[in-house]
Amino acid sequence: MPTLDHIVLVGASAAGLTAADALRREGFTGTLTMVGEELRTPYDRPPLSKQVLAGDWEPHRSTLRQDTDIQRLRMNLRLGCRATGLDTAERVVTLADGDRLGYDGLIITTGLRPRRLPFGHELAGVHVLRTLDETLTLRAQLLAGPRVVVIGAGFLGSEIAATTRGLGLDVTLVDVEPTPLARQVGTWVGGLAGDMHRDHGVRLRMRRHVTGMTGDNGRVTAVVLDDGTRLPADVVVVAIGSVPATEWLAGSGLALGDGVLCDVTCRAAPRVYAAGDVANWPHPAAGGRVRLEQRTNATQQALTAAKNLLSGPAEAVPYAPVPFGWTDHYGTKIQTCGWCPSDATIEVVDGDPQPRKADGDPQARKFVALYKVDGRVVGALGWNSARALREYRSHLTENSAA
Amino acid sequence: MKILIDEGKCVGAGQCVLAAADVFDQRDEDGIVILLDAVPPHELLPQVQDAAARCPALAIEVVE
């Protein structure tokens, strides 16, 4: 086991907090420092585009731990302070305020930054949604009853469209793909998701590129599409994906690509590990490198990274999870386990993808679909079928270590 | 050991059932957690702690 007196966690969200918990639970009694860019104690992101944006939750409900539980972790909290550099030879993390933190162990959990369009973001009314503050700013603007255009129909954009429509607003959802969620789960399930948006009164503009935005007095007035359509808008939300927050690691000597490139044990360099959205590692069952933008992964990978840091490379275990993700919109819960590639063959194995009109709710679909590639089951998706989906997880563990 | 769950936070991921199937289950209709045993025997503590740690919504509190 390596001698560890000071462990630094860079990133103060779900993965960073889980790592802190795990280190203390596993008996680490040394100094623990958590660095976070936002001036907030760790909070959860999945509720932001759902309950918090809807106003169903007070913002503090997304806080991941009460103050007393944070205190119990005995952390040196450096919140509101960005890490700006890493020297793996000297084992020093540099902070924006000029401070230098020496470490014996480092876990990187800096997550993602939203991608932005090359235009429009200078206009008032144009938003991205990643942080709690961004969510509250957007929510305040929604109270004026604006016309909303959401650009990007992945998980986040789809949820924002559903939530804003649920507030009674006029909502248009734009994407270059043929259906919502096409990249995430393919166009068959995506088509059902598109039907759900239409049934709830969201206008879909699929297979359309956004070519520009117009503004008046510095405030957005419309989104312009590649067919010349002008979508009037008072609020625009850009949800076109994210990029790993690794810019502070330039020149650190760490291998960077699509995220921090780790080995199978989540190790990026001696005594340096990464976990969560930012970590890219060779998944033993996936046949290549993966990076998972999933809340469940943030927790599970942080547990593994923390244990592997404490145990040292000789005792470290490979990280080989069955991925799990979910999205909620309009009261429908869509969950995935394993991989759901857009080119897979779909087989419905439980329930019925057709709407059940008999019970008076045309949206009440319920089914489990298996995703097959070359005849092999690589993933499963549950539509309002949380319990049934769990039963199919075993089909995946045969192909992928648990 | 006593277990407290927050149904309002539960997202129905089922991670708790995978960790401790003797203690947790899920409702069929929406996947929300069902507590099978609010005061489980002490030997299940590691599994229950694992369930609480893996819950992606932190909806499980374990009072030792």
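**A walk through chains A and B**

Hi everyone, let's begin with a sheet in chain A: five strands make an open sheet, ordered 24-25-28-27-26, with antiparallel pairing. Strand 24 (324–329) and strand 26 (345–352) sit at its edges with a single partner strand each, so one side of each has no neighbour in the sheet. From one strand to the next, the twist averages 20°. Before going on, please keep in mind that this is a predicted model.

How are strands in a sheet held together? In general, they pair through backbone hydrogen bonds, either parallel or antiparallel. For one pair here, look at strand 27 (residues 366–373) and strand 28 (residues 376–383) of chain A: they run antiparallel and are joined by seven bridges. If you'd like a spot to find on the screen, A:Val368 stands opposite A:Gly382 in strand 28 of chain A.

Now let's turn to helix 1 of chain A. How far apart should its ends be? At 1.5 Å a residue, its twelve residues should span 16 Å, and the end C-alpha atoms are indeed 16 Å apart, so the two agree. Just after this helix, A:Gly27 has a positive phi of about 100°.

Is helix 1 of chain A mostly covered or mostly open? Mostly covered: ten of its twelve residues are buried. Among them are A:Ala14, A:Gly16, A:Leu17, A:Asp21 and A:Leu23. And what does the covering? The list includes strand 1 (6–10), strand 2 (31–36), strand 3 (75–79), strand 7 (105–108) and helix 8 (295–311) of chain A, together with helix 2 (45–54) of chain B. Notice that a piece of chain B appears in that list.

That brings us to the core. As a general point, nonpolar side chains in soluble globular proteins tend to be buried together. In this model, the largest nonpolar core has 134 residues, and those with the most contacts inside it are A:Ala19, A:Val150, A:Val236, A:Val237 and A:Ala274. Helix 1 (residues 14–25) of chain A contributes the largest share of this core, with seven residues. Let's zoom in on A:Val237. Setting aside residues up to four places away in sequence, A:Val237 touches A:His127, A:Leu129, A:Leu138, A:Val148, A:Val150, A:Ile151 and A:Ile160.

Here is another buried residue: A:Leu192, in helix 7 (residues 187–199) of chain A. Why does A:Leu192 count as buried? Because A:Leu192 has 23 C-beta neighbours inside 10 Å, and the cut-off is 20 or more. Beyond its neighbours within four places in sequence, A:Leu192 is in contact with A:Pro353 and A:Arg365. A:Pro353 is 161 residues away from A:Leu192 along the chain, yet their C-alpha atoms are separated by 8.5 Å.

Next, chain B. Chain B has two helices and four strands, and along the sequence they follow the pattern β-α-β-β-α-β. With 64 residues, a compact globule would have a radius of gyration near 11 Å, and chain B agrees at 10 Å. The C-alpha trace of chain B spans about 30 × 20 × 15 Å along its principal axes, and buried residues make up 42% of the chain. Of the contacts in chain B with a separation of 6 or more, 57% are between residues 24 or more positions apart.

Finally, where do the two chains meet? Their contact takes 14 residues from chain A and 14 residues from chain B. On the chain A side, helix 8, strand 24 and helix 9 (386–397) each supply at least two residues. Helix 8 of chain A gives the most to that side, with five residues. Thanks for listening!

Technical notes: Residues are numbered from 1 along each chain as its sequence is written. Chains are lettered from A and ligands numbered from 1 in the order in which they are written. This is a predicted model: local features need pLDDT of at least 70, side-chain atom pairs count only at pLDDT 80 or more; totals for chains, interfaces and linings use all residues. The radius of gyration is taken over C-alpha atoms; the globule rule is 2.2 Å times the number of residues to the power 0.38. Two residues are in contact if their C-beta atoms, placed from the backbone, lie within 7 Å. A nonpolar core is a set of buried Ala, Val, Leu, Ile, Met, Phe, Trp, Tyr and Cys residues joined through C-beta atoms within 7 Å. Two strands pair if DSSP finds at least two bridges between them. Axes are lines fitted to C-alpha atoms, for helices over the stretch in contact, and angles run from 0 to 180 degrees between N-to-C directions. The expected span of a helix is 1.5 Å times one less than its number of residues.
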